Each structure stands twice: as structure tokens, then as C-alpha cells.
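Please read this report alongside the sequence and the 3D structure. It moves from the overall fold to individual residues.

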Amino acid sequence: MVVGAALALYASGLYGAFPDPADPRVAEPTLQRAVDDLAADGVVAPEDLASTESIAPAGYDVALVLSTDDDRWRVGPASPPDAATASRPVAVRVAPGVVVTGRLRVTVWR
């Protein structure tokens with residue numbers, strides 16, 4: 001009985017050490033890395049969405065969606081329906097000298 005209890009305690013601790021693929025604790029830091037990387041000057045340009053490798057946590061896939069009222073840009077593979085997501089409003093440069101409000105969303109999964 002003691003061995004069984006010890007194994008159950010170990011397994012529950014080990015399970016908590018690895019976030020669930022839909023765990024928002026994975027999506028929020030990934031979103032912050034994306035904003036830090038893409039909006040260094042405070043504005044996100046759609047052409048800068050070319051690569052997601054620099055923001056993806058090890059062992060995870062990432063997709064980014066940048067949207068405005070008139071346009072939508074996406075990079076990364078198709079995500080499963082149970083993937084973790086996080087989003088925030090950002091300034092988007094849609095043309096030279098033209099900045100509009102948009103939203104950056106990250107989707108993260110294993």
C-alpha cells in the first residue's frame with residue numbers, strides 16, 4: 001500500500017511538471033515572446049510574421065494570427081481544436097505611415 005501511495009504521489013507531481021497541451025500557462029508566455037519579437041518598435045507588421053520558430057517553446061507547435069477589421073494574416077500549421085490560445089490587442093502597420101488596431105493570437109500545442 002505504501003508503494004502504491006508513493007507511486008501515485010510521484011505520478012501526480014510528474015504530471016504537474018509538464019503542462020497540458022491546452023494549458024494557458026504555455027500560451028501566455030508564448031504570446032509575450034511573440035509581442036516582444038514582432039513589436040520591438042510598438043507596432044506589428046504583417047510581413048514580420050514569417051517565422052514562428054523563435055517563439056515556439058521546445059516540443060510545441062505554434063500558429064500566429066494577426067487580424068484587423070479588414071485583414072487577417074496567419075502563419076504556422078493548422079492547430080487542433082483543443083490547443084491553448086492567448087491573444088492581445090496590438091498596433092498593426094498596414095501600409096507605410098498607416099497603423100490600425102488589431103489583435104495578435106497565438107495557438108500552442110504539442
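The sections below describe a predicted model, beginning with the chain as a whole and ending with its surface.

## Overall architecture

The model is a prediction, and its protein chain contains two helices and four strands. Read from the N terminus, these elements follow the order α-α-β-β-β-β.

Of the 110 residues in the protein chain, 33% are buried. The protein chain exposes about 6,700 Å², of which carbon and sulfur atoms supply 58%. Among contacts with a separation of 6 or more, 60% are between residues that lie 24 or more positions apart.

## Strand pairing

Strand S1, residues 61-67, pairs with strand S2, residues 72-75, in the antiparallel sense and over four bridges. A hairpin of four residues joins S1 to S2, and in this pairing leucine 64 stands opposite valine 75 in S2.

S1 also runs antiparallel to S4, to which seven bridges join it; here the bridge partner of leucine 66 is leucine 104 in S4. S3 and S4 are likewise antiparallel and are joined by eleven bridges, with alanine 86 opposite valine 106 in S4. The hairpin formed by S3 and S4 has two residues between the strands, and glycine 97 in the turn has a positive phi of about 80°.

## The nonpolar core

The largest nonpolar core has 22 residues, and the members that touch the most others are Leu64 and Leu104. Helix H2 (24-38), S1, strand S3 (84-95) and S4 each supply at least two residues of this core, and the largest share, six residues, comes from H2.

Leucine 104, already named as the bridge partner of leucine 66, has contacts that reach several parts of the chain. Leaving aside residues up to four places away in sequence, leucine 104 touches Leu31, Ala34, Val35, Leu38, Leu49, Leu64, Val65, Leu66, Ala86, Ser87, Arg88 and Val90.

## Two positions on helix H2

Threonine 30 and glutamate 28 both have their place in helix H2, and their accessibilities can be set side by side. Threonine 30 counts as buried because its relative accessibility is 0%, whereas glutamate 28, at 41% relative accessibility, counts as partly exposed.

Once residues up to four places away in sequence are set aside, threonine 30 touches Ile55, Pro57, Val62, Val106 and Val108. Valine 108 also serves as a reference point for glutamate 28: the C-alpha atoms of glutamate 28 and valine 108 are separated by 9.5 Å, although the two residues are 80 residues apart along the chain.

## The loop between S1 and S2

Threonine 68 lies in the loop between S1 and S2. Is this loop residue buried or exposed? Threonine 68 counts as buried, because its relative accessibility is 15% and the limit for a buried residue is under 20%.

The contacts of threonine 68, not counting residues up to four places away in sequence, are with Trp73, Val92, Val94, Val100, Thr101 and Gly102.

## The salt bridge

The count of salt bridges comes to one. In this salt bridge the side chains of aspartate 41 and arginine 93 meet, with an N to O distance of 3.3 Å. The pair links distant parts of the chain, since aspartate 41 is in the loop between H2 and S1 while arginine 93 is in strand S3, 52 residues apart.

The accessibilities of the two partners fall in separate classes: aspartate 41 counts as exposed at 53% relative accessibility, and arginine 93 is partly exposed, with a relative accessible area of 31%.

## A nonpolar surface patch

Which residues form a nonpolar patch on the surface? The patch is formed by Val94, Val98 and Val100, which together have about 180 Å² of accessible area. Valine 100 belongs to strand S4, residues 98-109, and is partly exposed, with a relative accessible area of 31%. Because a patch takes in residues with over 30% relative accessible area, valine 100 qualifies at its value of 31%.

Two members of this patch, Val94 and Val100, are also among the residues that threonine 68 touches, so that the patch borders a residue that counts as buried at 15% relative accessibility.

Key
Residues are numbered from 1 along each chain as its sequence is written. This is a predicted model: local features need pLDDT of at least 70, side-chain atom pairs count only at pLDDT 80 or more; totals for chains, interfaces and linings use all residues. Side-chain values use heavy atoms; hydrogens and water are left out. Patches are made of residues with over 30% relative accessible area and no salt bridge: like charges are joined within 9 Å, nonpolar side chains (Val, Leu, Ile, Met, Phe, Trp, Tyr) within 5 Å. Accessible areas come from the Shrake-Rupley method with a 1.4 Å probe; for residues, only the protein chains shown count as cover. A salt bridge is a side-chain nitrogen of Lys or Arg within 4 Å of a carboxyl oxygen of Asp or Glu. Buried means under 20% relative accessible area, exposed over 50%, partly exposed in between (1.4 Å probe, protein chains only). Two strands pair if DSSP finds at least two bridges between them. A nonpolar core is a set of buried Ala, Val, Leu, Ile, Met, Phe, Trp, Tyr and Cys residues joined through side-chain atoms within 4.5 Å. Contact means heavy atoms within 4.5 Å.
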